[in-house]
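Please look through the structure below slowly, and keep the sequence beside you while you read. The paragraphs that follow begin at one residue and then widen to the rest of the chain.

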Amino acid sequence: MLKFWKRKKPADAAPAQEAPVETAADADAATEAAAQVPAPEPSAQAEPEPAAESAAVADSFATAPEAAAEPPAPPAKRSWRERLSGSGFARGLSSLFTRNPALDDAFLDELETCLITADVGVAAATELIEKLRKRVDRREFADARALLAALRTELVQQLQPVEKPLDVGGRRPFVLLMVGVNGVGKTTTIGKLAHRFRGEGRSVLLAAGDTFRAAAVEQLRTWGDRNGVPVIAQGSGADSASVIFDALQTARSRGTDVLIADTAGRLHTQSGLMDELAKIRRVLGKLDADAPHEALLVIDGTTGQNAISQVRQFQQAIGVSGLVVTKLDGTAKGGVVFALAREFGLPIRYVGLGESAEDLRAFDAAAFVDGLLPAALGNG
Ligand SMILES: Nc1nc2c(ncn2[C@@H]2O[C@H](COP(=O)(O)OP(=O)(O)OP(=O)(O)O)[C@@H](O)[C@H]2O)c(=O)[nH]1
Ligand SMILES: [Mg+2]
């Protein structure tokens, strides 16, 4: 990962020669592949006293992933490009550029339509195209390839401000609360995060705060078992805030590094459920005024512009500190990431590129844009 940061070009460097970005995913993959999932902690039955917090916070782990920066073997995970190439965004633009078109108004209009269709948002797409149009008028681009390079640079620049990786090393336990509408991938993302944090050598505890359905607890337990991570749960119908409160007490008494709390999917129209989120925050605050340290809103990348109103509503209900955009593999359009970045500027912590434990990536603007829009597109 570190290697990649060093190789990244400055924001306004000449766009003609793009740095390869697979190294980010590769180093990431190697780090994860090298990590072993340790044995499970003992089961989560105890009724602990809230323990005094150790002043020596999880420092020993903070540098662990960076230390393994030398990729020893071929990556186990598929690259961003491989995962994103099926998206509507990539397909539309690829057919546009491989024709090696003339740089005229018709082409720019087509490009604009393509961006809008991919959910970039009308305002953002128009602004992007107008910038490019001015440069076309000034004859800055020799051909479509040069324009593609400029577009890539522009897109990376739009996303760079929201590329802010989540650091869970500063607090113990670091409390992560997952929220979002139904079916966006909250529980799956928790499973992936548990896998990631275990791979970094951290101890993890999960809280089954989705008390709506018995199946939700089982789903979380399955992810817990897979990663050797204990799950704190009560019977279905229990009070979500009380489950998460108990879990935080347990995490504190055990000195657990990261507590991740699941919650039920909810819509903004369900005011009772939205209020429940505020209650969770309030109750956690009794044990730790800063908890949750991260309220992660999960957005389904295939949702389109509706994602914008979801962010607004959850912002209001609980205050969101970061986003995870899932399902960007396969049929997702991908453009919603740009719309979100532009509208809110909230950190995009992770993206989901598939259903398995390894398919969560720390958000990386350059790798993401390269996946959507490979530089090689302009070669045809
Ligand atoms: N392709 C793909 N599928 C995903 C991704 N993330 C989650 N899914 C799938 O989306 C579906 C819903 O995931 P869940 O994790 O159950 O979603 P949830 O938000 O917890 O759902 P509720 O608890 O019902 O609100 C499952 O079939 C997941 O496998 C992703 O990044 N890519
Ligand atoms: Mg769920």
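**From one loop residue to the whole chain**

Once residues up to four places away in sequence are set aside, Leu353 touches Arg83, Leu328, Asp329, Asp359 and Arg361. This residue, in what is a predicted model, sits in the loop between strand 7 (348–352) and strand 8 (360–362). Is Leu353 buried or exposed? Leu353 counts as buried, because 28 other C-beta atoms lie within 10 Å, and the cut-off for that label is 20 or more. Leu353 and Thr326 also show how the fold brings together parts of the sequence, since these two are 27 residues apart along the chain while their C-alpha atoms are 6.6 Å apart in space.

A second residue can be read in the same manner. Lys192 belongs to helix 10, and, leaving out residues up to four places away in sequence, Lys192 touches Ala357, Asp359 and Leu360. With 25 C-beta neighbours inside 10 Å, Lys192 is counted as buried. From Lys192 to Trp223 there are 31 residues in sequence, yet the distance from C-alpha to C-alpha is 8.3 Å.

Now step back to the chain. It holds 16 helices and 8 strands, and buried residues make up 48% of its 380 residues. Among the contacts in the chain with a separation of 6 or more, 81% are between residues 24 or more positions apart.

Strand 4 (residues 258–261) is a good place to look inside. Strand 1 (residues 174–179) pairs with strand 4 in the parallel sense over 4 bridges, and here Leu176 stands opposite Ile260. Strand 2 (residues 204–207) likewise pairs with strand 4 in the parallel sense over 4 bridges, with Val258 as the bridge partner of Val204. In a regular strand the side chains alternate between the two faces of the sheet. Which residues of strand 4 are found on each side? Val258 and Ile260 are on one side, Leu259 and Ala261 are on the other, and all of them are buried, which leaves both faces of strand 4 covered.

Leu259 deserves a further look. Apart from its neighbours within four places in sequence, Leu259 is in contact with Pro173, Val175, Leu176, Leu205, Ala207, Ala247, Leu248 and Ala251. Leu259 also appears, together with Leu206 and Ile260, among the residues with the most contacts inside the largest nonpolar core, which has 99 residues. This core lies between domain 1 (80–161) and domain 2 (166–363), because both domains give residues to it. In soluble globular proteins, nonpolar side chains tend to be buried together.

Helix 16 (residues 365–372) can be examined next. Its buried residues are Ala365, Ala366, Ala367, Phe368, Val369, Asp370, Gly371 and Leu372. Since 8 of the 8 residues in helix 16 are buried, the helix is largely enclosed by the rest of the structure.

The surroundings of ligand 1 bring back an element already met. Of the 20 residues around ligand 1, those that come nearest are Gly185, Thr187, Thr188, Gly265 and Gly352. Helix 10 (residues 186–199) gives the most to this shell, with 3 residues. Sorted by class, the shell around ligand 1 has 3 nonpolar, 11 polar and 6 charged residues.

Finally, some details of the backbone are worth finding. A cis peptide bond, with omega of about -10°, joins Arg172 and Pro173, and Pro173 lies in the loop between helix 9 (144–159) and strand 1. Another cis peptide bond joins Ala291 and Pro292, with omega of about -5°, and Pro292 has its place in the loop between helix 13 (271–287) and strand 5 (294–300). Arg139 is not a glycine, although its phi is positive at about 55°, and this residue is found in the loop between helix 8 (122–137) and helix 9. Lys327, also not a glycine, has a positive phi of about 60° and is placed in the loop between strand 6 (322–326) and helix 15 (336–344). Which of the words buried and exposed fits each of these residues? Arg139 counts as exposed because it has 8 C-beta neighbours inside 10 Å, whereas Lys327 is buried, with 22 other C-beta atoms within 10 Å.

Technical notes. Residues are numbered from 1 along each chain as its sequence is written. Chains are lettered from A and ligands numbered from 1 in the order in which they are written. This is a predicted model: local features need pLDDT of at least 70, side-chain atom pairs count only at pLDDT 80 or more; totals for chains, interfaces and linings use all residues. A residue is near a molecule or strand if its C-beta atom, placed from the backbone, lies within 6 Å of it. Helices (H or I, at least four residues) and strands (E, at least two) are DSSP runs, numbered from the N terminus. Ala, Val, Leu, Ile, Met, Phe, Trp, Tyr, Cys and Pro count as nonpolar, Asp, Glu, Lys and Arg as charged, and the others, Gly among them, as polar. A residue is buried if 20 or more other C-beta atoms lie within 10 Å of its own, exposed if 12 or fewer, and partly exposed in between; C-beta atoms are placed from the backbone. Two strands pair if DSSP finds at least two bridges between them. A nonpolar core is a set of buried Ala, Val, Leu, Ile, Met, Phe, Trp, Tyr and Cys residues joined through C-beta atoms within 7 Å. Domain bounds come from an automatic or database domain assignment. Two residues are in contact if their C-beta atoms, placed from the backbone, lie within 7 Å.
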